[in-house]
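Here's a walk through the model you have open, set out under a few short headings. Grab the viewer and follow along.

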2 protein chains.
Amino acid sequence: MVDAPVDARVVRTHNDVLAAAIDVLIEEGWDAVTQPRVARRAGYAKATVYSHWPDRLDLLRDAFQRFGEIPHHEPVGDVRADMLGELRSYRRAMVEHRLDRVLAILAERATEVEAAAELRDQFVDDGMAVCRSVVATVLSGVEARAASAMMGGALLHAVLLEHRIPDDEELEIVVDTVLRGFDIAR
Amino acid sequence: MVDAPVDARVVRTHNDVLAAAIDVLIEEGWDAVTQPRVARRAGYAKATVYSHWPDRLDLLRDAFQRFGEIPHHEPVGDVRADMLGELRSYRRAMVEHRLDRVLAILAERATEVEAAAELRDQFVDDGMAVCRSVVATVLSGVEARAASAMMGGALLHAVLLEHRIPDDEELEIVVDTVLRGFDIAR
DNA sequence: GATGTTATTGAACTATGAGTTCAATAACGA
DNA sequence: TCGTTATTGAACTCATAGTTCAATAACATC
């Protein structure tokens with residue numbers, strides 16, 4: 001993030017350019033987020049974007065930041081309802097905010113770009129917080145890890161590899177299978 | 001694939017260049033697989049690579065082809081042993097053949113490049129064949145789909161997002177949870 | 001509304017790498 | 001040995017990232 005802006009021009013530019021950066025990121029991927037390309041997309045001179053973000057990675061980091069604000073399910077205390085609710089939020093984020101694209105980009109670039117690995121870790125930590133807290137009420141250790149990976153992974157596998165979006169019925173099957181498989185009574 | 005070679009030079013070049021292409025793909029990703037870069041890596045003139053693969057996508061397709069030859073688990077008839085065996089093969093392919101990298105690359109590029117989407121579909125179809133056949137002996141429809149996604153997804157989630165490799169214990173927990181969750185007796 | 005400040009601009013520039021062409025050379029099969 | 005052809009390296013074109021800077025336009029403040 002660049003220092004707190006005061007000038008109205010700076011605020012406007014900052015918003016416009018970041019919005020364009022997100023569009024470019026989602027549509028064309030990590031490598032496409034360069035100052036000249038984002039500037040053209042946003043309708044600004046590239047020198048302007050360079051003056052705000054001399055480092056390309058900072059522009060990328062700021063663009064990704066917005067995905068951290070994606071809403072989660074609010075736990076109500078019922079394990080099944082909370083797991084299902086969080087899975088639905090996860091699916092919603094993938095469809096409506098293109099979180100699937102964001103995760104694919106970060107997972108792919110993480111092996112080569114350190115900044116991508118850091119962003120991925122941060123995203124996964126934040127994104128799995130609710131899921132982990134719900135799972136932690138009934139499981140711990142390896143089992144908790146496995147349960148989270150199975151539920152989140154089922155969605156990830158379907159969307160990223162099978163190119164399909166699981167319906168409510170399938171999400172319920174996933175949750176119920178985990179609950180029964182780990183012998184969790186409500 | 002270019003036509004069947006007869007000249008010894010062509011065979012040598014073909015092998016060397018494809019090996020280099022795979023290295024570049026794994027190390028730097030889809031966009032890095034260009035004729036000049038692969039040529040430099042393989043120790044050939046770029047004009048040579050262009051003469052073999054005028055189209056960059058053909059070079060990429062040929063490079064990916066080699067990952068289709070990754071060995072799978074041979075089903076023995078026992079559902080638990082077969083699911084576990086296939087999950088272990090999957091994990092092994094990720095670690096030893098960098099299948100994790102290949103899947104991440106394909107999943108990421110699939111939204112933008114049609115050829116990547118086709119390769120991804122082909123890889124997932126082939127790669128899930130054994131898993132699907134084993135699951136099909138005990139489940140069908142949405143449940144079969146969910147079970148495959150949960151098992152494959154658990155591994156995918158762990159490796160791509162959590163950056164960790166599940167141990168045997170965790171793989172067993174995943175399989176047993178699915179078996180118990182779907183009430184599958186052996 | 002006038003004024004000092006500064007964000008923005010566009011143009012000119014360098015650098016890098018992809019893709020193309022081709023005559024010369026080297027390696028091949030017969 | 002000889003005709004064929006795969007390979008080479010060099011000289012291109014083209015697209016795009018990144019840099020610099022003087023001119024301009026928009027801003028906050030009074």
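## Around DNA strand D

Sorted by class, the surface near DNA strand D has 9 nonpolar, 6 polar and 7 charged residues. Here "near" means that a residue's C-beta atom, placed from the backbone, lies within 6 Å of the strand. As for the classes, Ala, Val, Leu, Ile, Met, Phe, Trp, Tyr, Cys and Pro go down as nonpolar, Asp, Glu, Lys and Arg as charged, and the others, Gly among them, as polar. One caveat up front: this is a predicted model, where local features need pLDDT of at least 70 and side-chain atom pairs count only at pLDDT 80 or more, while totals for chains, interfaces and linings use all residues. For bookkeeping, residues are numbered from 1 along each chain as its sequence is written, and chains are lettered from A and ligands numbered from 1 in the order in which they are written.

Which residues come nearest to DNA strand D? Out of the 22 around the strand, they are Pro36(A), Thr13(B), Tyr44(B), Ala47(B) and Thr48(B). Both chains pitch in: helix 1 (8-28), helix 2 (35-42) and helix 3 (46-52) of chain A, plus helix 1 (8-28) and helix 3 (46-52) of chain B, each give at least two residues to this surface. Helix 3 of chain B has the largest share, with 4 residues.

## Around DNA strand C

DNA strand C also has its own set of 22 surrounding residues, and the closest are Thr13(A), Tyr44(A), Ala47(A), Thr48(A) and Pro36(B). Two or more residues apiece come from helix 1 and helix 3 of chain A, along with helix 1, helix 2 (35-42) and helix 3 of chain B. The largest share here, 4 residues, belongs to helix 3 of chain A. The class breakdown reads 9 nonpolar, 6 polar and 7 charged residues.

## How the two chains pair up

Superposing chain A on chain B gives an RMSD of 0.1 Å, using a turn of 180 degrees and a shift of 0.0 Å along the axis. The two copies are thus related as by a two-fold rotation axis. The fit is by least squares on the C-alpha atoms of residues with pLDDT of at least 70 in both copies.

At the interface, 37 residues of chain A are in contact with 37 residues of chain B, where contact means C-beta atoms, placed from the backbone, within 7 Å. On the chain A side, helix 6 (99-109), helix 7 (114-136), helix 8 (141-161) and helix 9 (168-181) each supply at least two residues. Helix 8 of chain A gives the largest share, 14 residues. By class, that side divides into 18 nonpolar, 7 polar and 12 charged. The copies meet through the same surface, because 100% of the interface residues of chain A are also interface residues in chain B.

## Chain A on its own

Chain A has 9 helices and 0 strands; these are DSSP runs numbered from the N terminus, with helices being H or I of at least four residues and strands E of at least two. Its C-alpha atoms fill a box of roughly 60 × 35 × 30 Å along the principal axes. Of the contacts in chain A with a separation of 6 or more, 57% link residues 24 or more positions apart.

Buried residues make up 41% of the 186 in chain A. A residue is buried with 20 or more other C-beta atoms (placed from the backbone) within 10 Å of its own, exposed with 12 or fewer, and partly exposed in between.

## A look at Leu179(A)

Leu179(A) sits in helix 9 of chain A. Is Leu179(A) buried, exposed or partly exposed? Leu179(A) is partly exposed, with 19 other C-beta atoms within 10 Å. Setting aside neighbours within four places in sequence, Leu179(A) is in contact with Arg80(A) and Ile184(A).

Methods: Two residues are in contact if their C-beta atoms, placed from the backbone, lie within 7 Å.
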